[in-house]
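Work through the exercises below with the sequence and the model at hand. Each task is followed by a solution in steps.

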Amino acid sequence: MKTPHIGLLILALAGTTSQAQTLTDSSLTLTQIVSGLDQPIGLEFLATNDLLVLEKANGQVRRVIDGVIQVNPVLDLAVDSSDERGILSILKHPGFATNNFIYICSTPNGTADDTIGTTPTCICVERYEWDGSALINPVAIFSFTTLQGIDYHNGGAMAFGPDGKLYIVTGDHEQFGLLQNQPGFIVDDTSVILRLNDDGTPAPGNPLAAEGSSYTNYFAYGVRNSFGLAFDPVTGNLWDTENGEANYDEINLIAPGFNSGWRRIMGPLSRTPGGTNSLFLAAGSQYADPKFSWLTTVAPTGIAFLNSTALGAAYENDLFVSDFNNGQLYHFDLNPARNALVLSGGLSDTVADNDTERDAPVIGTGFNGGFFESGIAALKVGPDGKLYVVSLVQGKIFAIAAAGASAAVHDLAVVSLKAPKKISLKGTPVIKPVKIAIQNLGNQTKTIADATALLNLINLTIETLGGCPAPTTALVPPKTVFPVVLAPKKKLSISINVTFDCVNDGTTGVGHEDFRYTINLSADDVPANNDCPRAASGTDKGCAKGVTVFTDVAGAQ
């Protein structure tokens with residue numbers, strides 16, 4: 001018997017009924033963010049309430065704004081989706097505010113259409129650029145060739161470490177070699193956690209480099225399969241979830257050079273005849289027991305550290321893990337050294353040996369699809385600090401926060417936008433300022449860390465209503481010293497220089513040209529009332545009087 005495969009369960013679940021979601025802690029609240037997604041398997045945030053969501057089988061990346069799935073996907077890859085194949089994971093570069101990089105892991109099939117049952121060209125990680133509406137300019141970062149007939153244990157989880165390096169986990173792909181602690185000399189990037197530079201080149205200082213060859217890319221090995229990687233925000237240590245075969249799914253603390261033990265050891269060493277004698281111990285490697293195991297498989301998926309107080313101070317920096325088989329969410333405290341989980345009673349041996357022990361750390365249930373047990377694909381902490389839960393079979397995403405915290409924490413809004421009513425162009429580009437005022441309409445302080453954060457917050461678009469090219473824009477650094485702290489009702493004034501270059505090209509005369517301005521605070525927690533001018537509604541305070549949203553460019557001959 002093996003861990004049930006996600007793809008097989010999806011096919012069996014047609015027509016099943018979703019379960020009601022329940023949290024065991026009454027101090028927390030659960031909110032459905034979006035429904036109607038097609039097998040969502042991962043997400044990344046452009047801003048709070050602005051998500052990129054992966055749909056596993058159709059290879060699409062969908063944008064969800066304020067809970068609304070946008071009509072067109074921002075990326076559509078032709079993938080093979082058999083079992084655990086498809087589009088697998090998404091990750092934002094830590095420097096996204098300036099470079100717009102987003103990484104995608106998938107199993108492309110090399111054709112123009114999605115397939116089931118073909119052999120993908122590779123398990124591939126590609127880096128894309130976000131242009132504001134689509135993912136463009138793919139660059140290959142890492143890949144290895146898939147094996148004929150093997151459509152599971154792909155791995156694919158990714159994370160950026162505090163060292164700025166890219167970590168990628170691969171599954172065993174049913175291989176039997178040294179990387180699976182078996183006799184032989186197959187070293188093929190299976191069963192490993194890679195540590196790479198952000199462009200895919202080998203990162204310096206990897207712990208197994210003394211072995212040479214591909215080992216120069218490896219941070220750990222002996223991994224059967226994993227759907228989750230996460231870094232502890234306090235210590236910077238790497239943790240993972242690992243799927244066992246019939247027994248002993250694991251939560252592991254991954255030290256540099258870690259050998260997870262597969263195919264020789266799953267679960268605690270004390271329950272494995274023969275000990276570590278049968279392991280292949282590469283130079284620079286060491287074995288360590290998992291920090292927690294389930295005797296009967298639950299298929300753990302997402303793993304996340306809650307680096308916020310959005311669920312209350314008691315949960316700050318705690319560990320959350322999800323499972324696929326039961327649709328359950330688990331919560332763990334860590335010891336003061338943060339190198340072990342706080343476990344008691346029947347769990348003091350670090351193993352959940354029965355259903356009662358399995359359910360002891362459970363904090364959420366009902367994220368599965370009904371009679372066939374299958375549910376959570378991923379966890380993510382959002383920019384608002386809430387914990388987001390992706391239910392693959394239900395096609396939904398939920399947010400967990402402290403009760404009463406669903407109201408706006410920060411509500412930034414554009415309250416004025418002033419542009420020149422008329423300008424004159426006489427053969428040379430003209431630069432004019434557009435002045436914008438932002439106000440904190442919420443009841444809590446909002447902090448803008450630096451100019452980069454401010455630039456990432458502002459999204460000014462200028463639409464030409466004639467034949468002129470769209471003007472270019474540049475933020476004028478504010479005189480205010482960063483960080484900018486906006487207390488409730490406090491305003492921040494910003495200036496953006498707009499360059500008009502609407503010169504006669506000798507064939508077409510341009511007399512008058514209108515431009516329409518729209519600005520949005522793309523990183524606000526409550527973006528529904530950000531546009532200026534703002535749509536009329538019963539609760540909308542409207543924009544300040546005298547806002548100019550059109551400019552007439554005259555004399556551009």
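**Exercise 1.** Is His153 buried or exposed, and what is the sign of its phi?

Solution. Step 1: in this predicted model, the relative accessible area of His153 is 2%. Step 2: buried means under 20%, so His153 is buried. Step 3: phi of His153 is near 60°, which is a positive value in a residue other than glycine. Step 4: to place His153, look in the loop between strand S11 (135-144) and strand S12 (158-160).

**Exercise 2.** Find the loop that holds Thr350 and state the class of accessibility in which Thr350 counts.

Solution. Step 1: Thr350 belongs to the loop between strand S24 (329-332) and strand S25 (351-352). Step 2: phi of Thr350 is near 70°, again a positive value in a residue other than glycine. Step 3: the relative accessibility of Thr350 is 23%, so Thr350 counts as partly exposed.

**Exercise 3.** Which strands stand at the edges of the open sheet S2-S29-S28-S27?

Solution. Step 1: the sheet has four strands in the order S2-S29-S28-S27, with antiparallel pairing. Step 2: strand S2 (28-34) and strand S27 (376-381) each have a single partner strand, so one side of each is left without a neighbour in the sheet. These two are the edge strands. Step 3: from one strand to the next, the twist averages 25°. Step 4: S27 is joined to strand S28 (residues 387-391) by five bridges, and Val381 stands opposite Leu387 in S28.

**Exercise 4.** How many bridges join S32 to strand S30, and how many join S32 to strand S37?

Solution. Step 1: between strand S30 (residues 412-418) and strand S32 (residues 430-440), which run antiparallel, there are six bridges. Val414 is found opposite Ile438 in S32. Step 2: between S32 and strand S37 (residues 491-500), also antiparallel, there are 10 bridges. Lys435 has Ser495 in S37 as its bridge partner.

**Exercise 5.** Which residues touch the most other members of the largest nonpolar core?

Solution. Step 1: this core has 24 residues. Step 2: Tyr103, Val125, Phe142, Met158, Leu166 and Ile168 touch the most other members. Step 3: among the elements that give two or more residues to the core are strand S9 (101-106), strand S10 (123-130) and strand S13 (166-169). Step 4: leaving aside residues up to four places away in sequence, Ile168 touches several residues, including Val125, Phe142, Met158 and Leu194.

**Exercise 6.** Which salt bridge partner does Asp163 have, and which does Arg338 have?

Solution. Step 1: the whole structure holds 12 salt bridges. Step 2: Asp163 pairs with Arg195, with the closest N and O atoms 3.1 Å apart. The two are 32 residues apart, Asp163 in the loop between S12 and S13 and Arg195 in strand S14. Step 3: Asp163 is partly exposed at 36% relative accessible area, whereas Arg195 is buried at 10%. Step 4: Arg338 pairs with Asp232 at 2.8 Å between the closest N and O atoms, across 106 residues. Both Arg338 and Asp232 are buried.

**Exercise 7.** What kind of peptide bond joins Trp262 and Arg263, and which residues share a salt-bridge network with Arg263?

Solution. Step 1: the bond is cis, with omega about 10°. Step 2: Arg263 lies in the loop between strand S19 (258-259) and strand S20 (286-287). Step 3: Arg263 meets Glu174 in a salt bridge of 3.9 Å, N to O. Step 4: Asp172, Glu174 and Arg263 form a linked network of salt bridges.

Methods
Residues are numbered from 1 along each chain as its sequence is written. This is a predicted model: local features need pLDDT of at least 70, side-chain atom pairs count only at pLDDT 80 or more; totals for chains, interfaces and linings use all residues. Side-chain values use heavy atoms; hydrogens and water are left out. Two strands pair if DSSP finds at least two bridges between them. Axes are lines fitted to C-alpha atoms, for helices over the stretch in contact, and angles run from 0 to 180 degrees between N-to-C directions. Buried means under 20% relative accessible area, exposed over 50%, partly exposed in between (1.4 Å probe, protein chains only). A nonpolar core is a set of buried Ala, Val, Leu, Ile, Met, Phe, Trp, Tyr and Cys residues joined through side-chain atoms within 4.5 Å. Contact means heavy atoms within 4.5 Å. A salt bridge is a side-chain nitrogen of Lys or Arg within 4 Å of a carboxyl oxygen of Asp or Glu.
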